[in-house]
Amino acid sequence: MSADAAKSDGETAEKPAIAITYCTQCNWMLRSAWMAQELLSTFSLELGSVTLIPGTGGIFEIRLDGDLVWERKRDGGFPDSRVLKQMVRDRIDPERSLGHVDLVEGK
């Protein structure tokens, strides 16, 4: 492994990791992949990884470094992408503006 690759791996390991566990029986893989893409597009330099984890039994959970951020049963469905981005931002970089995502409807 080159020195640059080792440095890159070390930097990635120090960045926050998102894990999205989704129910394969409910066909929520595409929803999960879309949410992963939204997070990677917005936080491409801030996140170390976004992992999709297949599960069963209606599970849909989003964890940030192991801490539960969203749980479908607890939180009542699925997060809107705006809400999810704000929740992740508030945990990894609270001072960061998300631009139009932060705008309140009707203002």
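Which strand is I18 found in? I18 sits in strand β1, and that is a good place to start looking around this predicted model. Local features here need pLDDT of at least 70 and side-chain atom pairs count only at pLDDT 80 or more, while totals for chains, interfaces and linings use all residues. Residues are numbered from 1 along each chain as its sequence is written, and side-chain values use heavy atoms, with hydrogens and water left out.

**The chain as a whole**

The protein chain has 4 helices and 4 strands. Helices are DSSP runs of H or I with at least four residues, strands are E runs of at least two, and both are numbered from the N terminus. Read from the N terminus on, the order of elements is α-β-α-β-β-β-α-α. Of the 107 residues, 33% count as buried, where buried means under 20% relative accessible area, exposed means over 50% and partly exposed lies in between (1.4 Å probe, protein chains only). Among contacts (heavy atoms within 4.5 Å) with a separation of 6 or more, 64% join residues 24 or more positions apart.

**Around I18**

Back to I18: with 1% relative accessibility, I18 counts as buried. Beyond its neighbours within four places in sequence, I18 is in contact with L39, L47, S49, V50, T51, I62, R63, L64 and V88. One of these partners, L47, is 29 residues away in sequence, with a C-alpha to C-alpha distance of 7.7 Å.

**Helices α2 and α4**

Two packed helices are described by the angle between their axes and the distance between the axes. Helix α2 (residues 29–42) and helix α4 (residues 81–92) have axes that come within 10 Å and cross at roughly 50 degrees. The axes are lines fitted to C-alpha atoms, for helices over the stretch in contact, and the angles run from 0 to 180 degrees between N-to-C directions. The pair is therefore oblique; angles under 35 degrees count as roughly parallel, over 145 as roughly antiparallel, 65 to 115 as roughly perpendicular and the rest as oblique. The crossing of α2 past α4 is right-handed, meaning that the near helix is turned clockwise from the far one by less than a right angle.

On the α2 side the contact is made by W34, M35, E38, L39 and T42, and on the α4 side by S81, L84, K85 and V88. These residues divide into 5 nonpolar, 2 polar and 2 charged. In this grouping Ala, Val, Leu, Ile, Met, Phe, Trp, Tyr, Cys and Pro are nonpolar, Asp, Glu, Lys and Arg are charged, and the others, Gly among them, are polar.

T42, found in helix α2, is buried at a relative accessible area of 17%. Leaving aside neighbours within four places in sequence, T42 is in contact with K85, R96 and L98. The T42 and K85 side chains also make a polar contact at 3.1 Å, that is, a pair of N or O atoms within 3.5 Å; within protein, one must be able to donate a hydrogen and the other to accept it, and residues adjacent in sequence count only if both atoms are side-chain atoms.

**Loops**

Most residues other than glycine have a negative phi. The table lists two residues with positive values.

| Residue | Phi | Loop |
|---|---|---|
| N27 | about 60 degrees | between β1 and α2 |
| D65 | near 50 degrees | between β3 (60–64) and β4 (67–71) |

N27 counts as exposed at 65% relative accessibility. C26 is also found in the loop between β1 (17–23) and α2, and counts as partly exposed at 32%. C26 and F60 are 34 residues apart in sequence and 9.8 Å apart in space, C-alpha to C-alpha.
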